[in-house]
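Here are my notes on the model, set out as numbered points. Please read them with the structure open.

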Amino acid sequence: MSDPFKQLRDAMDQFATERDWDQFHSPKNLAMALTVEAAELQECFQWLTEAQSRELDEQQLAAVRDEIADVQLYLIRLAGKLDVDIEAACRAKMEKNAEKYPAGQVKGSAKKYTHYQD
């Protein structure tokens, strides 16, 4: 079975190796770069209304695509450095979230799980 995360991780490893960038790609530096890219993604939506954020023109959407890709690629690179299986981590986190946010208790609410009583 094909693992797109592994394929991208391998491609990122090769890309960094060809440029001698591995020396800069510590987990700390990758996490910091990730926050920068996430901020650049936010910038694409800065000053837009809720409605405008749902109706991006092609130029805006192209910029959002690029920033989403940057965020994802840094996540993949960071996960590779720490030997984290992204798919497994996501599935485990979804299970935790299902426990913290039972549908019958939180449906239609944006409150954090700490604001719910048993």
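1. Does Ala33 count as buried or exposed, and at what relative accessibility? In this predicted model, Ala33 has 18% relative accessibility, and it counts as buried because the cut-off for that class is under 20%. Ala33 belongs to helix 2, which covers residues 27-45. Its C-alpha lies 28 Å from that of Glu55, with the two positions 22 residues apart in sequence numbering.

2. Burial over the chain. Of the 118 residues in the protein chain, 14% count as buried. Ala33 is in the buried class, whereas Trp47 and Asp83, treated below, are exposed, Trp47 at 76% and Asp83 at 69%.

3. Overall fold. The protein chain contains 6 helices and 0 strands, and its order along the sequence is α-α-α-α-α-α. The radius of gyration is 18 Å, well over the 13 Å from the globule rule for 118 residues, so the chain is more spread out than a compact globule. The C-alpha trace spans about 50 × 35 × 30 Å along its principal axes.

4. Helix 1. This helix has 15 residues, for which a rise of 1.5 Å a residue gives an expected span of 21 Å; the end C-alpha atoms are 21 Å apart, which agrees. At its start, a side-chain oxygen of Asp3 comes to within 3.0 Å of the backbone nitrogen of Phe5. Asp20 follows helix 1 and has a positive phi, near 55 degrees.

5. Helix 5. The 15 residues of helix 5 should likewise span 21 Å at 1.5 Å a residue, and the separation of 21 Å between its end C-alpha atoms agrees. Its N-terminal end is capped by Asp85, with a side-chain oxygen 3.1 Å from the backbone nitrogen of Glu87.

6. Positive phi values in loops. Trp47 is in the loop between helix 2 and helix 3, the latter being residues 50-54. Trp47 is not a glycine, yet its phi is positive, near 75 degrees. Its relative accessible area is 76%, so Trp47 is exposed, the threshold being over 50%. Asp83 sits in the loop between helix 4 and helix 5. Asp83 is not a glycine either, and its phi is positive at about 55 degrees. At 69% relative accessibility, Asp83 counts as exposed.

7. Largest pocket. Its volume is about 190 Å³. The lining consists of Asp3, Phe5, Lys6, Arg9, Ile76, Ala79, Gly80, Asp83, Val84, Asp85, Ile86 and Glu87. At least two of the lining residues come from each of helix 1 (4-18), helix 4 (58-81) and helix 5 (86-100). By class there are 6 charged, 5 nonpolar and 1 polar residues. The lining includes Asp3 and Asp85; Asp3 has the contact at the start of helix 1, and Asp85 is the cap of helix 5. The exposed loop residue Asp83 is also part of this lining.

8. Second largest pocket. This one has a volume of about 160 Å³. Met12, Phe15, Trp21, His25, Glu37, Asp70, Leu73 and Tyr74 form its lining. Helix 1 and helix 4 are the elements that give two or more residues to it. Helix 4 gives the most, with 3 residues. The class counts are 5 nonpolar, 1 polar and 2 charged.

Terms used:
Residues numbered from 1 in each chain as written. Predicted model: local features only at pLDDT ≥ 70, side-chain atom pairs only at ≥ 80, totals over all residues. Heavy atoms only, no water. 1 Å grid on protein atoms, 1.4 Å probe; cavity = no way out; pocket = protein on both sides within 12 Å on 5 of 7 lines; lining within 4 Å. Points joined across faces, edges and corners; volume = space filled by probe spheres on them. Helix = DSSP H or I, 4+ residues; strand = E, 2+ residues; numbered from the N terminus. Nonpolar A, V, L, I, M, F, W, Y, C, P; charged D, E, K, R; others polar. Expected span 1.5 Å × (residues − 1). Polar contact = N/O pair within 3.5 Å; in protein donor to acceptor, adjacent residues only side chain to side chain. Rg over C-alpha atoms; globule rule 2.2 N^0.38 Å. Buried < 20%, exposed > 50% of the residue type's maximum accessible area, 1.4 Å probe, protein only.
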